[in-house]
Amino acid sequence: MKNFLNAARLLLLDLASTFVFLVLFLLTHNTALSVGLGIAFGVAQIGLQLVRGKRIDMMEWLSLFLVVAAGSATLLTHDPRFVLFKPSVIYAVVGVVMLKPGWLNRYLPEIARTVVPDVAVVIGYAWAGLMFLSAAVNAFVALTCDVMIWAMVMPIYGIVSKVVVFLGGYAALRLIARRRIYAMPATERDAVLALDGGTATASS
């Protein structure tokens, strides 16, 4: 799951400028300062990667565009909810990407890709559904509540919802894989277990 957790880390980095704005706004209650530094942080993220010669993918450019657009709208209207709405767009885009069948397989060990690829497709759809639900929840809270309530609700919702889907998906993959391995003929079972480096057993 190392690569999968790395993908989650990249999503958090995409939302980092929103968190920078939020923390600064809660500390200073200065909209202009918070938005300005949030935009500067987003630009600095991209600039640092360009200096290092790293490839900038579409999600990162989208994130920068949303930082500037939402920040500009906030400065013009003095309404910080524009910045808080940004995560909804990110979640929705990630959800669309996760609708691709089998996207989760690349983050699984070889034994799981061999034994339960169909289950991984279903769990991938569950993740996509969570992203769309998160986009809707974030938009609702951002548009109907103040910044303080958003700051209390969304971090808790974001962490709990993702932990639930992650653990549920992991448990489903492991339990179904174990049952299928048990049902295999001995020679086929040994060959499949060998994909895990010979360290796994059908009862583990």
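Okay, let's begin with a term we'll need: a nonpolar patch joins nonpolar side chains, such as Val, Leu, Phe and Tyr, that lie within 5 Å, using residues that have over 30% relative accessible area and no salt bridge. Keep that in mind, and remember too that what you see above is a predicted model.

So, the overall picture. The chain has nine helices and zero strands. If you read along the sequence, the pattern is simply α-α-α-α-α-α-α-α-α. There are 204 residues in the chain, and buried ones make up 40% of them.

Now back to that patch. Which residues make it? Val96, Leu99, Tyr125 and Phe132 do, and together they give a nonpolar surface patch of about 360 Å². Let's pick out one of them, tyrosine 125. You'll find tyrosine 125 in helix 7, which covers residues 117–144. Tyrosine 125 counts as partly exposed because its relative accessibility is 39%, and partly exposed means anything between the 20% and 50% cut-offs.

Let's stay with helix 7 for a moment and talk about charge. In general, side chains of opposite charge can pair when their charged atoms come close. How many salt bridges does the structure hold? It holds one. The partners are arginine 180 and aspartate 118, whose side chains meet at 2.9 Å, N to O. Arginine 180 sits in helix 8 and aspartate 118 in helix 7, so this pair ties together parts that are 62 residues apart in sequence. Are the two partners buried or exposed? Somewhere in the middle: arginine 180 is partly exposed at 31% relative accessibility, and aspartate 118 is also partly exposed, at 40%.

While we're on helix 8, which runs over residues 147–183, have a look at serine 161 in that helix. Serine 161 has 11% relative accessibility, so it counts as buried. And what does the side chain of serine 161 reach? It gets to the backbone oxygen of glycine 158, at 3.3 Å.

Next up, the holes inside the protein. Rolling a probe the size of a water molecule over the atoms shows where empty space is left. Here the count is two cavities of 30 Å³ or more. The largest cavity has a volume of about 80 Å³. It is lined by 12 residues, and the ones nearest its centre are Ser17, Phe21, Gly38, Val67 and Val83. Which helices supply at least two residues each to that lining? They are helix 2 (16–28), helix 3 (31–51), helix 4 (58–77) and helix 5 (81–98). Helix 4 gives the most, with four residues.

Those helices also let us look at residues that are separated along the chain, and see how far apart they are in space. Start with valine 20, in helix 2. Its C-alpha is 5.6 Å from that of glycine 38, although the two are 18 residues apart in sequence. Glycine 38 is one of the residues we just met in the cavity lining. Valine 20 itself has a relative accessible area of 23%, so it is partly exposed.

Then there's glycine 36, in helix 3. Glycine 36 and leucine 75 are 39 residues apart in sequence, with 8.7 Å between their C-alpha atoms. Glycine 36 is partly exposed because its relative accessibility comes to 31%.

Now move to histidine 78. Where is it? In the loop between helix 4 and helix 5. At 63% relative accessibility, histidine 78 counts as exposed. Its C-alpha is 8.1 Å from that of alanine 32, and the two residues are 46 apart along the chain.

Last one: proline 87, in helix 5. Is proline 87 buried or exposed? With 5% relative accessibility, proline 87 is buried, since buried means under 20%. The C-alpha atoms of proline 87 and serine 134 are separated by 8.8 Å, while the residues are 47 apart along the chain.

To wrap up, then: we have a chain of nine helices and zero strands, one salt bridge tying helix 7 and helix 8 together, and a largest cavity lined by 12 residues. If you want somewhere to start in the structure above, try finding arginine 180 and aspartate 118, and then look for the patch made by Val96, Leu99, Tyr125 and Phe132.

Conventions. Residues numbered from 1 in each chain as written. Predicted model: local features only at pLDDT ≥ 70, side-chain atom pairs only at ≥ 80, totals over all residues. Heavy atoms only, no water. Buried < 20%, exposed > 50% of the residue type's maximum accessible area, 1.4 Å probe, protein only. Polar contact = N/O pair within 3.5 Å; in protein donor to acceptor, adjacent residues only side chain to side chain. Patch = residues over 30% accessible without salt bridge, like charges linked within 9 Å, V, L, I, M, F, W, Y side chains within 5 Å. Areas by Shrake-Rupley, 256 points an atom, 1.4 Å probe, with all protein chains shown as cover. Salt bridge = Lys/Arg side-chain N within 4 Å of Asp/Glu carboxyl O. 1 Å grid on protein atoms, 1.4 Å probe; cavity = no way out; pocket = protein on both sides within 12 Å on 5 of 7 lines; lining within 4 Å. Points joined across faces, edges and corners; volume = space filled by probe spheres on them.
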